[in-house]
Amino acid sequence: MERTREAYMAIYKQWCENPYFDLETQEELRAIEGNDAEIKERFVQDLSFGTGGLRAERAAGSNRMNLYTISQATEGFARYIDRLGEAAKKRGVAISYDSRIMSPEFALRAALVFAAHGIKVYLSDILRPTPMLSFAVRHFSCVGGVMVTASHNPAKYNGYKAYGEDGGQMPPDAAEIVMDEMSKIDDLSTIQYLSEEEAQAAGLLEYFGEEFDRVYTDMLLGLRINPDMVEKHSDLKIVYTPLHGAGNLPVQRILHESGFKQVFVVPEQEAADGNFPTVPYPNPEERAALELAIQLAERESASLVVATDPDGDRTGLVVRLNNGEYQVLTGNQIGLLLMDYILGAKQKRGILEPKSFCATTIVSTRLAKKVCDYYGVTLFEVLTGFKYIGELMEKLDEHGDMHFQFGFEESYGYLTGLDVRDKDAVVSTMLICELAATLKDEDKTLADRLEELYKCHGYGLEKTISLTFEGLEGMNKIKQCLNSLRADNSFALESSKIQARRDYLSSERFDLASSTTSQLTLPKSNVLLYELEGLDWACVRPSGTEPKLKVYFGAYAPERDSCAKRLEAISTEFEAKLREFL
């Protein structure tokens with residue numbers, strides 16, 4: 001909730017004068033004295049704690065990421081655990097962090113606030129990626145977890161992801177309780193935390209390290225499908241870049257233990273560095289972030305390039321074409337390749353269980369269903385957010401009679417296996433390279449296999465655009481745009497007729513031809529999806545982690561050229577009409 005000017009100026013003054021706040025913080029804030037716009041941005045509200053936790057620029061202020069907002073979020077989380085009782089506090093929480101600036105300090109502060117509540121903490125002794133945090137929550141039988149990361153955001157950001165006892169991101173009902181408890185904290189200087197020595201002496205702080213790595217790696221090795229193909233083609237040349245992030249050690253470890261002997265790591269991007277000196281935007285879906293890796297691949301004539309983002313949950317892929325050029329694949333294309341490989345290889349080996357299922361999101365490729373239908377596997381579509389895939393895994397596999405095989409988001413997140421409940425770039429890298437080795441045995445490349453999939457299931461092309469609107473004014477503009485779209489029943493396209501509009505906020509699907517309404521079964525979310533002709537579609541939603549309005553498109557046709565033309569026509573017209581609402 002936004003504060004009045006009088007209220008946020010009072011809090012600004014408190015941060016400047018109360019000795020609880022460190023000298024560096026106070027000097028930073030005094031430097032913006034008189035800059036009302038900047039003071040407002042930093043103090044007009046507290047950081048919003050959603051189901052994904054917190055994410056913001058790293059700076060002083062109640063609306064920024066710093067030791068004090070980390071303490072506030074953790075105090076709210078700890079009070080939630082207090083409600084669950086002593087048994088939950090003894091089970092404790094797991095905490096890890098990535099390579100971002102202040103990530104180790106934020107992780108330790110969170111651990112010490114939990115410890116002040118008598119809550120046991122398992123803290124990673126070095127940076128470890130998001131999937132290892134998810135695994136740690138389950139491995140240590142914790143009641144929750146925290147991952148300090150801002151994923152693939154620019155260097156000035158940091159964040160705090162909260163996890164539930166299943167190892168997936170915190171569910172909405174729990175997040176609401178945490179947010180409510182945070183709102184009750186009027187004075188941040190009242191938040192207590194132990195010293196590291198006090199927490200360890202009380203048995204409330206335990207570090208985990210190499211022994212844990214061994215358990216996680218063994219779990220991943222158990223998910224291999226064709227290890228014999230890797231042994232046969234261990235000389236497959238692979239270039240890997242962690243983009244200065246936390247994926248470096250676990251990815252190199254799994255590739256080595258899988259048997260690959262020709263792995264080239266981009267030297268300029270191997271060291272963990274929160275400044276991300278070689279990439280302004282450490283996002284493995286951006287070709288600009290992959291240029292150094294592609295250059296190394298060209299020098300070594302490598303078959304593929306794999307990249308992971310700073311917290312090791314997203315996976316980018318570049319494949320070598322038969323003419324020697326390198327093609328950057330989209331998140332949907334990687335998802336299709338992995339889905340087809342896992343289902344096809346398991347079916348061939350006779351280990352694809354009956355009642356198997358896969359999961360993806362409503363903004364991912366519609367070809368996923370065609371691949372699942374081909375193998376007789378059920379596909380579920382969920383809202384954007386891997387927690388929804390994790391919830392299906394728990395409900396249908398862990399507590400049901402179905403068998404999870406694979407889940408993916410178009411935003412470069414993939415998962416197989418049941419021991420992690422978030423995107424896992426480590427297992428994804430292992431299986432991508434295993435697939436490449438398997439195809440090499442047939443004298444094929446990943447690009448060849450992708451083309452085979454298109455010829456079998458039809459061509460599909462997808463596109464995402466992001467419109468950035470910074471600050472409070474930007475957030476309001478995004479909100480107003482969606483409200484205006486929602487109220488406009490005359491919205492139409494010339495390039496493709498709109499068949500229906502799904503409004504996930506009202507949980508209604510409106511059929512334009514019959515003017516009838518039916519109910520949607522997915523949870524409420526501020527998302528509008530337009531069903532166009534055939535399988536084509538467009539979708540608009542605010543980003544949950546960045547100040548962006550995200551717009552997605554998909555077009556499908558028997559031929560690549562007609563598919564590309566339809567996608568271009570739909571996306572161009574839709575974006576132009578959308579900007580009229582902005």
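This briefing covers strand order, strand pairing and helix packing in the structure above. The model is predicted: local features need pLDDT of at least 70, side-chain atom pairs count only at pLDDT 80 or more, and totals for chains, interfaces and linings use all residues. Residues are numbered from 1 along each chain as its sequence is written, and side-chain values use heavy atoms, leaving out hydrogens and water. Helices (H or I, at least four residues) and strands (E, at least two) are DSSP runs, numbered from the N terminus. One open sheet has 6 strands; another has 4. Helix α17 packs with α14 and with α12.

**Six-stranded sheet**

- The strand order is β1-β5-β4-β2-β3-β6, with mixed pairing; two strands pair if DSSP finds at least two bridges between them.
- β1 (54-57) and β6 (205-208) each have a single partner strand, so one side of each lacks a neighbour in the sheet.
- From one strand to the next, the twist averages 15°.
- Strands β4 (residues 144-148) and β5 (residues 157-163) run antiparallel and are joined by 4 bridges.
- Val148 has Tyr160 in β5 as its bridge partner.
- Helix α7 (residues 130-139) packs on this sheet and touches β2 (93-97), β4, β5 and β6; contact means heavy atoms within 4.5 Å.
- The direction of α7 makes about 165° with that of β4. Axes are lines fitted to C-alpha atoms, for helices over the stretch in contact, and angles run from 0 to 180 degrees between N-to-C directions.

**Four-stranded sheet**

- This open sheet has the order β13-β12-β14-β15, again with mixed pairing.
- Its edge strands are β13 (378-382) and β15 (413-415), each pairing on one side only.
- Here the twist averages 15° from one strand to the next.
- β14 (residues 403-409) pairs with β15 in the antiparallel sense, over 3 bridges.
- Phe408 stands opposite Tyr414 in β15.
- Helix α15 (residues 367-375) lies across β12 (356-361), β13 and β14. Its run is at about 155° to β13.

**The β7-α12-β8 unit**

- Strands β7 (residues 237-241) and β8 (residues 262-265) run parallel, joined by 4 bridges.
- Ile238 has Val263 in β8 as its bridge partner.
- Between these strands the chain passes through helix α12 (residues 248-258), in a right-handed β-α-β crossover. Right-handed here means that, with the strands pointing away from the viewer, the path from the first strand over the helix to the second runs clockwise.

**Helices packed with α17**

- The axes of α12 and α17 come within 9 Å and cross at roughly 35°.
- This crossing is right-handed. A crossing is left-handed if the near helix is turned anticlockwise from the far one by less than a right angle, and right-handed if clockwise.
- α12 supplies Pro250, Val251, Ile254, Leu255 and Ser258; α17 supplies Val426, Thr429, Met430 and Cys433.
- That contact has 7 nonpolar, 2 polar and no charged residues. Ala, Val, Leu, Ile, Met, Phe, Trp, Tyr, Cys and Pro count as nonpolar, Asp, Glu, Lys and Arg as charged, and the others, Gly among them, as polar.
- Helix α14 (residues 331-349) and helix α17 (residues 425-440) have axes that come within 10 Å and cross at roughly 70°.
- α14 and α17 are therefore roughly perpendicular (65 to 115 degrees; under 35 is roughly parallel, over 145 roughly antiparallel, the rest oblique).
- α14 passes α17 in a left-handed crossing.
- Ile334, Leu337, Leu338, Tyr341 and Ile342 of α14 meet Ser428, Leu431, Ile432, Glu434, Leu435 and Thr438 of α17.
- The α14 contact with α17 has 8 nonpolar, 2 polar and 1 charged residues.
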